Amino acid sequence: MQQRPKEDITEYISKNTIIPFLFDRAAKDVAIAFKPTESASVWQHLQRNPDRYIYAAVRKGVIDEAGEVIPLPAKIAAGVDEVSNRDGWNKTADAAFGLPTETWREHVARRKRCLELRGKLLNGEIHTVNDLITWNPDIRQFAQDVILQTDDAALVRAFYRAIAGRVPEKSNEHFEHGLTVLDPTCGSGAFLFAALNILQPLYEACLDRMEAFVAEADQSGKSKSHEDFRRVLAQ
């Protein structure tokens, strides 16, 4: 019997292949939005609210809901810089600090990684797709926020076309393919369902932002603006 891949594995692989592809495709159409030096750069989201893009499991026992760093118990803190003081580090961490079965040694290692990631986000040091994959912030949340919060209609258009493609409107234009996902060893279809779970919220975010742009144009008396968005929404 074929064993079904665990959902956390399929999600991890899917989001770290599909979302970087979408960012790369969008960057080809709207390169300026991905330049870290620009004031409207998509990377500004990471700097403005870094904790939003650090997974809750990574922040557990390290950063509280108010954004404050939670101090280590004195006995454990004593061993951070002095190996001889690492008494009890191999014991299970207190529930307020540790993940299930996590030892204090593992907690300290996770804490170090968490705070290092937070520092890089705050300092704007994560500003490429490769950085996202290397440091593993919440790339799904980041992509959705970029789409829903941008004031750049061209950026929304670029993401939508990367996902759904583009049907030519004139005889001299070419059809543009959207994203195609291929699982050559499909089996139970777990990876394809994971891909769907990644893409559907982003697709819906594009439609929601298109609706907002159209509504804003109508309110401002520019009813002929964003005709391409109107055609998509009318389908």
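In the predicted model, phenylalanine 34 is in contact, beyond its neighbours within four places in sequence, with Phe23, Ala26 and Ala27, with Ser41, Val42 and Trp43, and with Leu155 and Phe159. Phe34 also belongs to the largest nonpolar core, a set of 47 residues in which Leu22, Phe34, Phe142 and Phe159 touch the most other members. At least two residues of this core are supplied by each of helix H1 (7-29), helix H5 (104-122), helix H6 (129-135), helix H7 (139-149), helix H8 (153-164), helix H9 (190-219) and helix H10 (227-234), and the largest share, 9 residues, comes from H9. A second, separate core comprises 7 residues, among them Leu72, Ala93, Phe97 and Val108. In soluble globular proteins, nonpolar side chains tend to be buried together.

The packing of individual helix pairs was examined next. The axes of H8 and H9 lie 10 Å apart, and the two helices pack at an angle of about 145° in a crossing that is left-handed. On the H8 side the contact involves Ala153, Val156, Phe159, Tyr160, Ile163 and Ala164, which meet Leu199, Leu202, Tyr203, Cys206, Leu207, Arg209, Met210 and Phe213 of H9. Classified by residue type, this contact of H8 with H9 consists of 13 nonpolar residues and 1 charged residue, with no polar residues. Phe159, which is listed among the H8 residues of this contact, is also one of the contacts of Phe34. Helices H8 and H9 are, in addition, among the elements that cover the buried residues of H10; in H10, Asp228, Phe229, Arg230 and Val232 are buried.

For H1 and H7, the axes come within 10 Å and cross at roughly 30°, and this crossing is likewise described as left-handed. The contact is formed by Glu11, Lys15, Asn16, Ile19, Pro20 and Phe23 of H1 together with Ile139, Arg140, Phe142 and Ala143 of H7, and its residues divide into 6 nonpolar, 1 polar and 3 charged.

Tyrosine 53 is located in the loop between helix H2 (44-48) and helix H3 (56-59), and it counts as buried because its relative accessible area of 2% falls under the 20% limit. Leaving aside neighbours within four places in sequence, Tyr53 is in contact with His45 and Leu46, as well as with Pro137, Asp138, Gln141, Phe142 and Asp145. The C-alpha atoms of tyrosine 53 and arginine 140 are 8.9 Å apart in space, although the two residues are separated by 87 residues in sequence.

Two residues other than glycine were found with positive phi values, as described here for threonine 101 and asparagine 136. Threonine 101, with phi near 70°, is placed in the loop between helix H4 (74-77) and H5 and, at 71% relative accessibility, counts as exposed. Asparagine 136, with phi of about 55°, occupies the loop between H6 and H7 and is partly exposed, with a relative accessible area of 27%.

With respect to cysteines, the structure holds 0 disulfides. Cysteine 206, a participant in the contact of H8 with H9, is buried with a relative accessible area of 0%, whereas cysteine 186 is partly exposed, with a relative accessible area of 35%.

Definitions and conventions
Residues are numbered from 1 along each chain as its sequence is written. This is a predicted model: local features need pLDDT of at least 70, side-chain atom pairs count only at pLDDT 80 or more; totals for chains, interfaces and linings use all residues. Side-chain values use heavy atoms; hydrogens and water are left out. A disulfide is a pair of cysteine sulfur atoms within 2.5 Å. Buried means under 20% relative accessible area, exposed over 50%, partly exposed in between (1.4 Å probe, protein chains only). A nonpolar core is a set of buried Ala, Val, Leu, Ile, Met, Phe, Trp, Tyr and Cys residues joined through side-chain atoms within 4.5 Å. Helices (H or I, at least four residues) and strands (E, at least two) are DSSP runs, numbered from the N terminus. Contact means heavy atoms within 4.5 Å. Axes are lines fitted to C-alpha atoms, for helices over the stretch in contact, and angles run from 0 to 180 degrees between N-to-C directions. A crossing is left-handed if the near helix is turned anticlockwise from the far one by less than a right angle, and right-handed if clockwise. Ala, Val, Leu, Ile, Met, Phe, Trp, Tyr, Cys and Pro count as nonpolar, Asp, Glu, Lys and Arg as charged, and the others, Gly among them, as polar.
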